[in-house]
Amino acid sequence: EKMSGELLFVIVGKNDKPLYELEHNSEHREMDDPNLVHFFLHSSLDAVEECAWKKDTMYLKVVDVFQNMKVSAFVSAGNVKYLLLHSQKNDDTIKNFFQEVHELYLKVLLNPFYEHNSKIESPIFDDRVRNILRRRFL
């Protein structure tokens, strides 16, 4: 089952530093304030921390709900958080998306020119994440 509607994906590093962001279909946003969705995702980090302590899996499923949107989360062993804001629930698709992007992120970490916990500005990384998003959800 493919998802439609808005998707917002972020990778958050140590000290809640945003490392990467990908937004899809934001022009159809029903909310008045476009920054509200970013604020909400950021506020979900507390829920992610709480869930991460309770579960021993990297994929935390839905950790927060806002209006008709859900936040699913994945936390790596290095405490890098992957958050996806979406409107539908398809756990397997979301889990596979997170795992694929996590593998890409690990490759970024292996790059000697990448400064740890800095913004990911690689167009190749961005292109690959977009392809995964398209393949999994659209």
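This briefing looks at how the helices and the sheet of this structure fit together. The model is predicted, so to speak a computed one: local features need pLDDT of at least 70, side-chain atom pairs count only at pLDDT 80 or more, and totals for chains, interfaces and linings use all residues. Residues are numbered from 1 along each chain as its sequence is written, and side-chain values use heavy atoms, leaving out hydrogens and water.

**The sheet**
- Five strands (DSSP runs of E, at least two residues, numbered from the N terminus) make an open sheet in the order S2-S1-S5-S4-S3, with antiparallel pairing.
- Strands pair if DSSP finds at least two bridges between them; S2 (18-24) and S3 (59-66) are the edge strands, each pairing on one side only.
- S4 (residues 69-75) and S5 (residues 81-86) are joined by six bridges, and Val71 has Leu85 in S5 as its bridge partner.

**Helices on the sheet**
- Helix H2 (residues 45-54; helices are DSSP runs of H or I, at least four residues) touches S1 (7-12), S3, S4 and S5, where contact means heavy atoms within 4.5 Å.
- H4 also packs on the sheet, touching S1, S2 and S5.

**Helix H3 against helix H4**
- H3 (residues 91-110) and H4 (residues 123-137) pack at about 165°, with axes 10 Å apart; axes are lines fitted to C-alpha atoms, for helices over the stretch in contact, and angles run from 0 to 180 degrees between N-to-C directions.
- The two helices, H3 and H4, are therefore roughly antiparallel (angles over 145 degrees).
- Among the residues that meet are Phe97 and Leu104 in H3, and Phe125 and Ile132 in H4.

Terms used: Angles under 35 degrees count as roughly parallel, over 145 as roughly antiparallel, 65 to 115 as roughly perpendicular and the rest as oblique.
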